[in-house]
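The following report describes a single protein chain, moving from overall composition to individual elements and residues.

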Amino acid sequence: MSIGERAKLLLLLGRRGLRMAAGRLRGHPFIRLSFIPRKAERLLIAPQDLRTADGTRASEIYAGRFAFAGKVVISDGRSPFDIAAPSDEWAASLLGFGWLRHLRAAESGITRANARALVDEWISVQGAWDPVGWQPEILARRVIAWLSQAPLILHDADDAFYRRFLRSLVRQVRYLRHTAIEAREGVPRMQALVALTYAALCMSGQARHMRGAVKQLVAEIDEQILVDGGHISRNPGALIELLLDLLPLRHAFAARNIAPPPQLNNAIDRMMPMMRFFRHGDGNFAHFNGMGPTLPDVMATILAYDDARGAPLSNAPHSGYQRAQAGEMVVLMDAGAPPPINVSQEAHAGCLSFEMSHGLQRIVVNCGLPGTNKDSWRQVARATAAHSTVVFNDTSSCRFLESGSFKGLLGTPIVSGPTDVQMSREDRGDGTILRASHNGYGDRFKVLHQRALKLSTDGTRLDGEDFFVATEGDLIPQDVQDEFAVRFHLHPTIKANKLTDGHGAMLMLPTREVWTFNAYEDRVEIEESVYLSGSDGPRRAVQIVIYGRARRVPRVHWSLALASAQGTGGTRRRGEDPQLPLTAP
């Protein structure tokens, strides 16, 4: 680890340590236990819950079967809060109480009684405090769930339970107010502040905390939501998570006849176009920087709030992404540097990777991340090799904190990566050209990766070139490795067959549409891949790979074309451009 990387880690460690110390001091057991309510609390409103609910899961929960995050626990008559959690994800799901929405969807006397019983069990088992359940990220989700599902929990409840429920909720909100600063930066911190704002709006005795909660929330919105509407983590999925909370929060302000802060409205108005920006023709999000499966019902719910419903943006320079569309073809490209180290725990080393779709069919993809069991796949998914871009010497363009004394406190942030990412865009009469470069391999291998993509005007052809340029001088030094692999991960529904000349592949789509991949003088290989973001879990897939050495082959040209629009194509000599000059940026 370099001196600069260690300095960044020490700075992050110091800041996080101070925040945790402040949060734990404010949440000291003496403060928790000495709390006496000033007056009786009551609920004024219950915010909406926009997350998808499945009423059929209510019977499973009633039977003591708790299936979360890919793990199943059978309680066998015991309290689920007394059972050892099979994974951290499972524990977070159980203790966050988001599953209450499934009980509400069933809407019966049995499910209401079951909800009250499980809430009462938690109050008895962990209501005083628990090292896991009272972590600010989980606590925030539980506060939001209890407030949102209060009609379910409190319907037909007796006075004793009502008072017990409110006392517990007040205690949790008070503890969160003192420890929200301890929440991990990014989405968890924002959700903690959303929970506090919800409490100030929904609970009678919390109004005096409204100004402070809104002030903190606004500061976090300004910090996290970029000018173009993207999220500071560069994870498209963060937009979905936050809008599921921010949209009901805006409605809660209206329900209380209180004007929401302008920053909240402005943030939502910027985020909505970015939701459309990341979508392919089939409605699924592109898989960049931690994005997992797209839930169609959730997307439909969020987009129903989009009043503008205009065409998506094409250029998101603050977020570091580009979108190009022609005919039925959509190309999305990661053209940004890694996010700040404090919000990079889920970021990927996918600089200059791209995804391509035609109509309702995704063709070139990144591997993405599964919806459950993320920890099992995270290290693989974050590597550059899991993205449709160039990999040098089987090494990622970013370095992650994978081990050491800092990992337990900081997670696995990106500690180094591209620092200079250049991007230009040209919309011409014969198509759109995207040109980009990054220096993520500059320090280690003395090479810059430059990529150019051109979409034809009719959306039936994508030409690309990858250039390998020495960081100093005209030639890559002889004493460094120069092996490269240009990877194109294909969607699992695509069947690929290598052409007899070894320089291309034929792609068969489920629609029986045929596309041709052409690498001209370079040879291609078809290898196994895995598509992690399937709605039903990871799926087998294949990838097209072009191997070479950058000193001998400093320029690789390739194309993807609809078979009927392929034209003459064929083999060319290196340096000849059949469709364009894609000069280096």
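Accessible areas are obtained by the Shrake-Rupley method with a 1.4 Å probe, and for residues only the protein chains shown count as cover. On that basis, the accessible surface of the protein chain comes to about 24,500 Å², of which 51% belongs to carbon and sulfur atoms. The model is a predicted one, in which local features need pLDDT of at least 70 and side-chain atom pairs count only at pLDDT 80 or more, whereas totals for chains, interfaces and linings use all residues. Residues are numbered from 1 along each chain as its sequence is written, and side-chain values use heavy atoms, with hydrogens and water left out.

**Overall composition**

Helices (H or I, at least four residues) and strands (E, at least two) are taken as DSSP runs and numbered from the N terminus. The protein chain contains 17 helices and 21 strands. A residue is called buried under 20% relative accessible area, exposed over 50%, and partly exposed in between (1.4 Å probe, protein chains only). Of the 585 residues of the protein chain, 55% count as buried. A contact requires heavy atoms within 4.5 Å. Among contacts in the protein chain between residues at least 6 apart in sequence, 69% join residues at least 24 apart.

**Nonpolar cores**

A nonpolar core is a set of buried Ala, Val, Leu, Ile, Met, Phe, Trp, Tyr and Cys residues joined through side-chain atoms within 4.5 Å. In soluble globular proteins, nonpolar side chains tend to be buried together. The largest nonpolar core here has 97 residues, and Trp99 and Phe165 have the most contacts inside it. Helix α10 gives the most to this core, with twelve residues. Apart from it lies another core, of 46 residues, among them Phe392, Phe445, Ile476 and Leu507. Leaving aside neighbours within four places in sequence, phenylalanine 165 is in contact with Leu43, Val119, Ile123, Trp146, Ile153 and Leu154.

**Helices α11 and α4**

The expected span of a helix is 1.5 Å times one less than its number of residues. For the 15 residues of helix α11 (residues 210-224) this gives 21 Å, and the end C-alpha atoms are 21 Å apart, which agrees. Buried in α11 are Met210, Ala213, Val214, Leu217, Val218, Glu220, Ile221 and Gln224. They cover an arc of only 165° around the axis, which puts them on the same side of α11; the arc is that of the directions from the helix axis to the C-beta atoms. An α-helix has 3.6 residues a turn, so residues three or four places apart point the same way. On the other side of α11, Arg211 and Lys215 are exposed. The packing partners of the buried residues of α11 are α10 (187-202), α12 (236-255) and α13 (262-277).

In helix α4 (residues 88-96), the residues Trp90, Ala91, Leu94, Leu95 and Gly96 are buried. These buried residues of α4 pack against β1 (65-68), β2 (71-74), α6 and α7 (136-148).

**Residues with positive phi**

Most residues other than glycine have a negative phi, and most peptide bonds are trans. Three residues with a positive phi are listed below.

| Residue | Phi | Place |
|---|---|---|
| Phenylalanine 97 | about 60° | just after α4 |
| Asparagine 257 | about 60° | loop between α12 and α13 |
| Lysine 446 | about 55° | loop between α17 (442-445) and β13 (447-456) |

Asparagine 257 is exposed, with a relative accessible area of 73%, whereas lysine 446 counts as partly exposed at 33%.

**Buried polar residues**

A polar contact is a pair of N or O atoms within 3.5 Å; within protein, one must be able to donate a hydrogen and the other to accept it, and residues adjacent in sequence count only if both atoms are side-chain atoms.

Serine 357 lies in strand β6 (residues 354-358) and is buried, at 1% relative accessibility. Its side chain is joined to that of histidine 280 by a polar contact of 2.9 Å. Serine 357 and valine 330 are 27 residues apart in sequence, yet 5.3 Å apart in space, C-alpha to C-alpha.

Glutamine 361 belongs to strand β7 (residues 361-365) and is buried at 11% relative accessibility. The side chains of glutamine 361 and threonine 493 make a polar contact (2.8 Å).

Arginine 112, in helix α6 (residues 109-126), is buried, with a relative accessible area of 14%. Not counting residues up to four places away in sequence, arginine 112 touches Glu107, Leu152, His155 and Asp156.
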